[in-house]
Amino acid sequence: MAMATETERSIPLWRRLLVITAWFTLGLVILVVALYLVMRQQYTSRLERVLKELDEKDPTWRWEKMLEARPVLKPGEDNSEIVLRISRAIPRSWPDHKLDEKLQNLAPNMKLDAPRQEALQKILAVPPVPRLRDEARTLVNFPRGRIEVEMAENPMMTLLPNHQKVREIAALLRYDILDRLSRGKFDEAADSVHAMLNLSNVLDDDPFLIGQLIRIAVAAIALADTERILAQGELSDAKLAHLQKLLQHQMASTRMELAMRGERWFLHKTIVSITQGKFSTDEFAGLAGGGGMGGNSVWNWFMALGSREMARREHPQALETMTRVVDATRLPIKEQFAAEAAIDADVRTKGGPMLRLLLPATSKVNEAARRSVCAATAMHALLGVERYRLKHGKWPAKLDDCVPAFLNKVPVDPIDEAPLRYKRLPDGVVVYSIGNDRKDDGGDVERMQKDFGYRLWNKDRRGIAPPPLPPEPAPMPGPGGPGAPGDGGPGGAGGPGEPNE
């Protein structure tokens, strides 16, 4: 006993503390690893349960099944070939933004004056725009389409090169409409609206939010141009009735369900790619807003490692959250607001960093989708009001007067399910929905910032003269002073008294 005590005393205190610390550290590491493995198993089990529930609740939620479940396009109705052919041929630098600026910010009932018509003709004269313009108008014969996209193994690398081109074709048709309005060809301008609505349908069942946002934007241009046509002239009753029929599809649904299901799969595959290490460390740094510190930096390595574990932990919650988002799109529009508010609140208070980073801005997109449905509903009713005016020579006192000859029934405002609003103005009428703020702002439909709807003008207020264009800025003097070659002044390269092009 005395020998043990003597040996014990012979060991330095620092060494005994070192041994104790080592054993304590080892025990702590074992405990942390055990807790990590237990928690990881819990996350894995929860993910397996969520995936099983999804497979049972929505058997077509996976990407390939989702695409297979889309409606089959009938022979002769697919417009995608025309859309892609035009998109490949549109000049990259077209249109000239300086010329386009001259056509902006005109009230719908203002026609183009000579300087603006000149700018428009220059835009339309750029080769091969005249041919593409005629081809775009043939879309009236092709009501639907589909731009196919292949999801990349790393979803963040999925490219959508043809989607944005749809906007350019819409711009082409818009210039065509302005040209036909300037020549009094109102029914022909309406045909280009028809073509633009068909163009928007090429993204009708697109499973990406960006695709749906482009579809919404193109449809909005078509409706705004319809308002412009009616603000400058008159359409035949047959043409008005035809446009009403076309708008029934735009009124039917926000089309957000498929897009949100696509985003759910995109989010799922992104998280799987993260947990499997398919993201580079620099991609992680960019994803997290770090900007990157080089592909081999220790910081980025730890960021990637931490992100993988974070993604693995939040994977089940991300799928559950996106499923709630999908379910919300299936509700009537009036009920969507409360559902979205509850989801947003839960994400803010209970959502992890990875979920908040990767979750798309679903509420903002749904606001745009609701605006699109409300706008189409208002325009449908407005066309009925115009048909009433054509027949009776006056505005209806209320929307009920248009039933049943020009409207099957008084349309319901999708926002609150009350009758759509109709208001007489000193120079015309307005038909509108109360909009996403769910407040009646008295028909303030300017830029769709408050109420969602459109105006009609009295006949004597249609096609009025616009304000003159602001004067061109004076050309800057060249190195040789006024009149030197290249400065555009008198005697310069721009011709007598004319600026260079």
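Me: Is Cys374 buried or exposed?

Reply: The model is a predicted one. To read burial, look at relative accessible area, where under 20% means buried. Cys374 is buried, at a relative accessible area of 0%. Cys402 is also buried, with a value of 0%.

Me: How many disulfides does the structure hold?

Reply: The test is a pair of cysteine sulfur atoms within 2.5 Å. By that test the structure holds zero disulfides.

Me: How much of the chain counts as buried, and what secondary structure does the chain have?

Reply: Of its 501 residues, 47% count as buried. The secondary structure comes to 17 helices and three strands.

Me: How do I read the angle between H15 and H17?

Reply: Angles between N-to-C directions run from 0 to 180 degrees, and those over 145 count as roughly antiparallel. Helix H15 (residues 333–350) and helix H17 (residues 362–392) pack at about 170°, and their axes are 11 Å apart. H15 and H17 are therefore roughly antiparallel to each other.

Me: Which residues of H15 and H17 meet?

Reply: From H15 come Ile333, Gln336, Phe337, Glu340 and Asp344; from H17 come Ser363, Asn366, Arg370 and Val373. By class, the residues of this contact divide into three nonpolar, three polar and three charged.

Me: At what angle do the axes of H8 and H10 cross?

Reply: The axes of H8 and H10 cross at roughly 5° and come within 10 Å. An angle under 35 degrees counts as roughly parallel, and that makes H8 roughly parallel to H10. The H8 side of the contact includes Val166, Ala170, Ile177 and Leu181, and the H10 side includes Ile214, Val218, Ile221 and Ile229. The contact of H8 with H10 has 10 nonpolar, one polar and four charged residues.

Me: What does the span of H10 look like beside the expected one?

Reply: The expected span is 1.5 Å times one less than the number of residues. Helix H10 (residues 209–232) has 24 residues and reaches 35 Å from its first C-alpha to its last, close to the 34 Å expected. Of those 24 residues, 18 are buried, so H10 is largely enclosed by the rest of the structure.

Me: Which residue, far along the chain from Asn154, has its C-alpha 7.0 Å away?

Reply: To read such a pair, set the separation along the chain beside the distance in space. Lys278 is 124 residues from Asn154 along the chain, and their C-alpha atoms are separated by 7.0 Å. Asn154 is in the loop between helix H7 (129–137) and helix H8 (165–182). Its relative accessible area is 10%, so Asn154 is buried. A second pair is Ser45 and Pro316, 271 residues apart in sequence and 9.5 Å apart in space, C-alpha to C-alpha. Ser45 belongs to helix H2 (residues 13–57) and counts as partly exposed at 33% relative accessibility.

Me: Where are the cis peptide bonds that lead into Pro95 and Pro404?

Reply: The angle to read is omega. The bond from Trp94 to Pro95 is cis, with omega near -5°, and Pro95 lies in the loop between helix H4 (80–89) and helix H5 (97–101). Another cis bond joins Val403 and Pro404, with omega about 0°. Pro404 lies in the loop between H17 and strand S1 (421–425).

Me: What is phi of Arg438 and of Arg447?

Reply: Here the sign of phi is the point. Phi of Arg438 is near 60°, a positive value in a residue other than glycine. For Arg447, phi is also near 60°. Arg438 is in the loop between strand S2 (428–433) and strand S3 (452–457), and Arg447 is found in the loop between S2 and S3. Arg447 is exposed, with a relative accessible area of 60%.

Terms used:
Residues numbered from 1 in each chain as written. Predicted model: local features only at pLDDT ≥ 70, side-chain atom pairs only at ≥ 80, totals over all residues. Heavy atoms only, no water. Helix = DSSP H or I, 4+ residues; strand = E, 2+ residues; numbered from the N terminus. Parallel < 35°, antiparallel > 145°, perpendicular 65-115°, else oblique. Contact = heavy atoms within 4.5 Å. Nonpolar A, V, L, I, M, F, W, Y, C, P; charged D, E, K, R; others polar. Buried < 20%, exposed > 50% of the residue type's maximum accessible area, 1.4 Å probe, protein only.
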